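Grab the viewer and try these short exercises. Each one comes with a worked solution, so have a go before you read on.

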Amino acid sequence: ARALTISGVRKTFVTPEKTHVNAIDDVSFTIEQGEFFVMLGPSGCGKTTLLRGIAGLETLDAGEIRLGDTRIDQLAPHARPVNTVFQSYALFPHLTIAENVAFGLEMERRSKQQVRARVAEMLELVQLQGMAGRKPAQLSGGQQQRVALARALAKEPEVLLLDEPLAALDLKLRRGMQSELKRLQRTTGITFVFVTHDQEEALSMGDRIAVFNQGRPEQIGTPEDIYERPTSRFVADFIGETNFLDAPVTRTGAPAGEELVVTLPGGDPVVLPKTVPTPDGTVTLTIRPERIRLSPGGERFATGRISKLVYMGTDLRCTVRLENGAELAVRVPPPFDAGIRPDAEVSLYAEAEALRPLAPE
Ligand code: ADP
Ligand code: MG
């Protein structure tokens, strides 16, 4: 059982215009053996560069990459016990499906029989048993992606790197392939490092997610950590819909500076754990629209007026305007209360733990 450890990795590119881009900016973290690890972030944040660094397709400016205690960053790409699946399937068009899957195996010292058995096993794993004799052009996009997976898994890598492998598929096919990939990872026990810019894909697939921003992971945690307990404005904003509220800190201190008391317009004072510094006497809070309630329960943290109301069938989407001009998105689940109508004055309730203090930028 070997964990993949990335420590102090840096990579700077010099563009043709001679500007320096810190694609990977002093990154250190560990991916556990057998983990489905997702690297999530907007385009250009360095996901592909880090993946290529792990694969050995990109030379690093600094840092080390280890599998267990073994350094692999000095090894040639083919000597690393990792394999990569790209968004473009990169299949050989003139070879059959079986020949494509066998390709990497024939480079190794294996008998024809062993290769044939392994190819059959891999095609069964990705549920393409009947397709061995076909050419890639005779397969759908989703099936071609499975061939690419079978080929990458055939050599029994310890780590499989996947760079936005589903981005070219339409939504319905992508959903199917997401659960297929989860199943493949569980049955093989191989560590998957899966890159995506799609937050729903990350939440539904990852054991843990690293949210990247400008060349480094800004937060690493389980999907619940990332969604329920974002530590920065960037992470809260990138994943799902959320509200931000600037609140004056009315009291800090007792006991021993561990608490933070904030008061919002028309609300009762709310006591929060002091998890972030508040140098200028204010703190930015974030709260998800579905965690705000318009009926009593938890703390009443503000009052305001409904400025917009949209019926969505599954919920009502309200916008509530506070006295200080701040607007909050609120999702009200059914059954809908007749008192929720445009211009009504409403109290906003939430569990204190749904109000998350964010570190100042
Ligand atoms: P992502 O995969 O998250 O979209 P990349 O790793 O591809 O991001 O890119 C990170 C940054 O490095 C971007 O600003 C990109 O423009 C830059 N970059 C990547 N590859 C090169 C290269 N070969 N030459 C110059 N800049 C590059
Ligand atoms: Mg990329």
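Keep in mind that this is a predicted model.

**Exercise 1.** Find how strand S16 is joined to S17, then place both in their sheet.

*Solution.* Start with the pair: S16 (residues 316-322) and S17 run antiparallel and are joined by six bridges. To pin down the register, pick threonine 319, whose bridge partner in S17 is alanine 329. Now zoom out to the open sheet of four strands, where the order reads S17-S16-S15-S18 and the pairing is antiparallel. At the edges sit S17 (327-332) and S18 (345-350), each pairing on one side only. Finally, check the twist: neighbouring strands here are turned by 50° against each other on average, ignoring direction.

**Exercise 2.** Which residues have the most contacts inside the largest nonpolar core?

*Solution.* That core has 62 residues, and the ones to pick out are Val101, Ala150, Leu160, Val193 and Phe194. Next, look at who contributes: helix H4 (residues 141-154) gives the largest share, seven residues. Then follow valine 101 beyond its sequence neighbours within four places; its contacts include Val147, Ala150 and Ala154, as well as Val119 and Met122. Another core lies apart, with 23 residues, among them Leu245 and Leu348.

**Exercise 3.** Which element gives the most to the shell around ligand 1?

*Solution.* List the shell, which includes Phe13, Val21, Gly44, Lys47, Thr48 and Thr49. Strand S2 (20-31) and helix H1 (47-55) each supply at least two residues, and H1 comes out on top with three. Sorted by character, the shell has four nonpolar residues, seven polar and one charged.

How values were computed. Residues numbered from 1 in each chain as written. Chains lettered and ligands numbered in written order. Predicted model: local features only at pLDDT ≥ 70, side-chain atom pairs only at ≥ 80, totals over all residues. Pairing = 2+ DSSP bridges. Axes fitted to C-alpha atoms, helices over the stretch in contact; angles between N-to-C directions. Core = buried A, V, L, I, M, F, W, Y, C linked by C-beta atoms within 7 Å. Buried ≥ 20, exposed ≤ 12 C-beta atoms within 10 Å, placed from the backbone. Contact = placed C-beta atoms within 7 Å. Near = placed C-beta within 6 Å. Nonpolar A, V, L, I, M, F, W, Y, C, P; charged D, E, K, R; others polar.
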